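Please open the model in your viewer and keep the sequence panel beside it. The stops below say what to select next and what is found there.

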Amino acid sequence: MSQALLWKFEAFREYIVYEVLQPALSVLNLFEGEFISESNPKIKKLERLLEERTRKSTWKPNRSGTEDLLWNPEGDFTRNKERLFTSLLLMYPKEMSNGKLKLTEFGKALGTGKISRQQFYDFIIFNFKYPHPAYEDNWKEWVASGNELYPLIFILQVLIELLEKDESQCFLNVREIEFILVPSQDHKQCKSLSDAIIKSRNSDSISKLKPSGDKSARKITDLLG
């Protein structure tokens, strides 16, 4: 069994929904090519439009600058939300676009209303994978391991195996994913993993294990959320 690698996912749960990201991308689409900086007046306009169209007021850090400064020293909307867009394959990291706002083809299509709600979630399920370029350290670890995993598909595959065994067993909790699925990271092992899950439920062995740490459990909870 290979060494367990962290499953990273962004914890902006209220933002990772079609009803928020579609209007958000409709705004970003208007400003593609702009240099992303709080000193850029067009980016400040972008941020105002983000709040208006999504009805979310925390796109940027809450702390503001002083009266002597013309922009917020805490940064622009990408200060704590960039990976929301890059991890969902909507926008390129600033490092890959010379600091300018550059959307992916999927991001542009979402922003122009060409992607339905179902198409949005289908795309994320089928395309979110590790190694993931939005997470530099995580990317390096996954590349070095030689593994590739589509975590959402992986979870669904195991659920299907559980369903075929017993409809009443067709569910997964965070600890089962943390201690059984994460250490495997292998799409080909879904059947044996479902067997291991049922066995652990019968013996109640999972509940006796000490959590591996906040990072792992929290990220899995974020992914499921």
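A pocket is here an open set of grid points, on a 1 Å grid over the protein atoms alone, with protein on both sides within 12 Å along at least five of seven lines, and a residue counts as lining when it has an atom within 4 Å of a point. Bear in mind throughout that this is a predicted model.

**The whole chain**

Begin with the protein chain in a cartoon view, where ten helices and zero strands are to be seen. Of its 225 residues, 46% count as buried, and the accessible surface comes to about 12,500 Å², with 51% of that surface belonging to carbon and sulfur atoms. If you compute a contact map, you should find that residues 24 or more positions apart account for 64% of the contacts with a separation of 6 or more.

**The second largest pocket**

Select Glu82, Arg83, Thr86, Pro93, Glu95, Met96, Pro133, Ala134 and Glu136, which line the second largest pocket, a space of about 220 Å³. By class, this lining divides into four nonpolar, one polar and four charged residues. Helix α3, residues 78–87, gives the most to the lining, with three residues, and that helix is the next selection.

**Helix α3 and its cover**

How much of α3 is buried? Seven of its ten residues are, so the helix is largely enclosed by the rest of the structure; the buried ones are Thr78, Lys81, Glu82, Leu84, Phe85, Thr86 and Ser87. Helix α1 is included in what covers these buried residues. Just past the helix, inspect the backbone at Leu89, which follows α3 and has a positive phi, near 60 degrees.

Now centre the view on Phe85 and display its contacts, leaving aside the neighbours within four places in sequence: the partners are Leu21, Ala24, Leu25, Leu28, Trp59, Phe77, Leu90 and Met91.

**The largest nonpolar core**

In soluble globular proteins, nonpolar side chains tend to be buried together. The largest nonpolar core of this chain has 55 residues, of which Trp7, Leu28, Phe77, Phe85 and Leu181 touch the most other members. Helix α1, residues 18–28, supplies the largest share of this core, with seven residues.

**Gly107**

Move on to helix α4, residues 105–111, and pick out Gly107 within it. Is this residue buried or exposed? Gly107 is buried, with a relative accessible area of 0%, and, leaving aside its neighbours within four places in sequence, it is in contact with Leu25, Leu89 and Leu90. A distance label drawn from Gly107 to Tyr92, C-alpha to C-alpha, should read 9.6 Å, for a pair that is 15 residues apart in sequence.

**The largest pocket**

For the last stop, select Phe9, Leu152, Leu223, Leu224 and Gly225, which are the closest to the centre of the largest pocket among the 16 residues that line it. About 340 Å³ of space lies in this pocket. Colour helices α5 (117–127), α7 (151–165) and α10 (214–224) as well, since each of them supplies at least two residues of the lining. When the lining of the largest pocket is coloured by class, twelve nonpolar, one polar and three charged residues appear.

Terms used. Residues numbered from 1 in each chain as written. Predicted model: local features only at pLDDT ≥ 70, side-chain atom pairs only at ≥ 80, totals over all residues. Heavy atoms only, no water. Core = buried A, V, L, I, M, F, W, Y, C linked by side-chain atoms within 4.5 Å. Buried < 20%, exposed > 50% of the residue type's maximum accessible area, 1.4 Å probe, protein only. Helix = DSSP H or I, 4+ residues; strand = E, 2+ residues; numbered from the N terminus. Contact = heavy atoms within 4.5 Å. 1 Å grid on protein atoms, 1.4 Å probe; cavity = no way out; pocket = protein on both sides within 12 Å on 5 of 7 lines; lining within 4 Å. Points joined across faces, edges and corners; volume = space filled by probe spheres on them. Nonpolar A, V, L, I, M, F, W, Y, C, P; charged D, E, K, R; others polar. Areas by Shrake-Rupley, 256 points an atom, 1.4 Å probe, with all protein chains shown as cover.
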